[in-house]
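Here are a few exercises to work through with the model open in your viewer. Try each one yourself before reading the solution.

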Amino acid sequence: MANSRPISTTRHSLTRRGLLTGGLAAGFALAAPGLARAVPIDPDATARAAGDPDFHPVNFRLPAPTGRRALGTTSIHLVDQSRPDPTMPSGRRELMISLWYPASVVSSAPVAKYMPARTAVEVDDAWTGEYGLALPTGSFDFAGTVTHSRVDAPMQPIRHPVALFSPGYQYSRFVNTAQVEDLASRGYVVVTMDHTHETPVEFPGGRFLPGVPASQLPDPDFTRQAVETRTADARFVLDQLDRIAGGGNPDAEGNDLPDGLGDGLDLRKVGMFGFSLGGYATANTLLEDERVLAGIDLDGSLQDDPAKGPLGEVARKGLDQPFLLFGSADTQRTDPGKEYYDPSWASFWAAQRGGKLNLGLAGTKQKAFTDYQFIFDQLFHEIYGDDPIITSVLKALVGGAEPQRSVLAQRDYIAAFFDQTLRRRPSLLLRGDSPKFPEVHFAR
């Protein structure tokens, strides 16, 4: 691994802080940055560890995409003139999106970094600060980690289906890059969105807006408003993609778009997927916009409070478009006797008119549906080596599934679903339990 460090020295400095003997060994579980408090951090010990000459941030190896296409990516700054936002310089709703797409050639353009620098600091702080994991600030080198995509590489000159992506509550649009790059490598244009004022957003020129404060828990009213806002964001982004396909350029700074980008968008074939709250927003977007032909919810409730409700409109009414519910083992929502039972999935299943699937991924917790599945595995093994406590730590955070298998299963089922619903390519994976992935089961 890049940026490796002498494990013995670093382990000693972190053991001093009680992480091996108390904090991490306690097996705490976090739902997302800021959603539950970890073991209190010793500020003096954190400062000592960060000042240790053997301490270096850990960057990560993203799993290689499985498709055959070279990849390009570009970021676009959008301003929605129809929605006021007095907190923004324009006075209007502003968004940052990224497009990940099949590139025409192996470009000499620079390889994209995993996150912009300021966003990387914010996301690191969410995991290492007062409400995060008991690790020194700066442990995650998100800005130094590289992807498999080239910045502004020319688009492959054929039309590709389009998939929108909405991240989880407080999550950056970049923390599902492994799923996104893989789908793009199989011939899709994937458009990831940051939802301003909820997720951290870095705009051109160094302007940065943090996400929701780490200590703030979502309540039903907040969730309802967030889903409506995300739905409006997704529909606006679709409008801007239509402008690009027509030869326009919606970038607020007027920056050039990659060559061939507009010609590569097949907006007759649009899907959407999302993680957690992004899954709820995905279903709601399909309810409100018939341009989106298929959707995937990665372990997201379809009600405003997972424990108390009320049910979302989409959970009550269902959809005409095909939809995949893909849940973790920890929160699979089929058994009323389980702690995490969520009646919104059962209600949606009963009301759904379009095609429907409900898959479960054994051995996983919710965050396994993000890049944290392999990021945490690499981070903790880099810091602690092969200390046995790591197994229990990872189980508390993402579950006990083997990261490579979990990532591969998610990639294959996401691609199979969109291939079948957008490209009309039937998939054996979607017909029933498969010997290729015994860890994936059809829950309903």
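**Exercise 1.** Work out how helices α10 and α12 run relative to each other.

*Solution.* Bear in mind that this is a predicted model. Start with the axes: those of α10 and α12 (residues 403-422) come within 9 Å and cross at roughly 165°. Angles over 145 degrees count as roughly antiparallel. α10 and α12 are therefore roughly antiparallel to each other. As for the hand of this crossing, it is left-handed.

Next, find who touches whom. On the α10 side you'll see Q373, F374 and D377, and they meet P403, S406, V407 and Q410 of α12. Sort these contact residues by type and you get three nonpolar, three polar and one charged.

**Exercise 2.** Now do the same for α10 and α11: find the angle, the hand and the residues in contact.

*Solution.* First the geometry: α11 covers residues 389-397, and its axis lies 10 Å from that of α10, at an angle of about 155°. With that angle over the 145 degree cut-off, the pair α10 and α11 is therefore roughly antiparallel. The hand here is right-handed.

Then the contact itself. α10 brings F376, D377, F380, H381 and Y384, while α11 brings I390, V393, L394 and L397. By type, that's seven nonpolar, one polar and one charged.

A handy rule for reading such lists: an α-helix has 3.6 residues a turn, so residues three or four places apart point the same way.

**Exercise 3.** Decide whether α10 is largely enclosed or not, and check its length and its end.

*Solution.* Take the length first. α10 spans residues 372-384, which makes 13 residues. From first C-alpha to last it reaches 17 Å, close to the 18 Å expected at 1.5 Å a residue.

Now go along the helix and pick out residues under 20% relative accessible area, the cut-off for buried. The hits are Y372, Q373, F374, I375, F376, Q378, L379, F380, E382, I383 and Y384. Eleven of the 13 residues are buried, so α10 is largely enclosed by the rest of the structure. Finally, look just past the helix: G385 follows, and its phi is positive, near 70°.

**Exercise 4.** Zoom out and describe the whole protein chain.

*Solution.* Count the elements: the chain has twelve helices and 13 strands. Of its 444 residues, 58% are buried. Last, take the contacts with a separation of 6 or more: 79% of them link residues 24 or more positions apart.

How values were computed: Residues are numbered from 1 along each chain as its sequence is written. This is a predicted model: local features need pLDDT of at least 70, side-chain atom pairs count only at pLDDT 80 or more; totals for chains, interfaces and linings use all residues. Side-chain values use heavy atoms; hydrogens and water are left out. Helices (H or I, at least four residues) and strands (E, at least two) are DSSP runs, numbered from the N terminus. The expected span of a helix is 1.5 Å times one less than its number of residues. Buried means under 20% relative accessible area, exposed over 50%, partly exposed in between (1.4 Å probe, protein chains only). Axes are lines fitted to C-alpha atoms, for helices over the stretch in contact, and angles run from 0 to 180 degrees between N-to-C directions. Angles under 35 degrees count as roughly parallel, over 145 as roughly antiparallel, 65 to 115 as roughly perpendicular and the rest as oblique. A crossing is left-handed if the near helix is turned anticlockwise from the far one by less than a right angle, and right-handed if clockwise. Contact means heavy atoms within 4.5 Å. Ala, Val, Leu, Ile, Met, Phe, Trp, Tyr, Cys and Pro count as nonpolar, Asp, Glu, Lys and Arg as charged, and the others, Gly among them, as polar.
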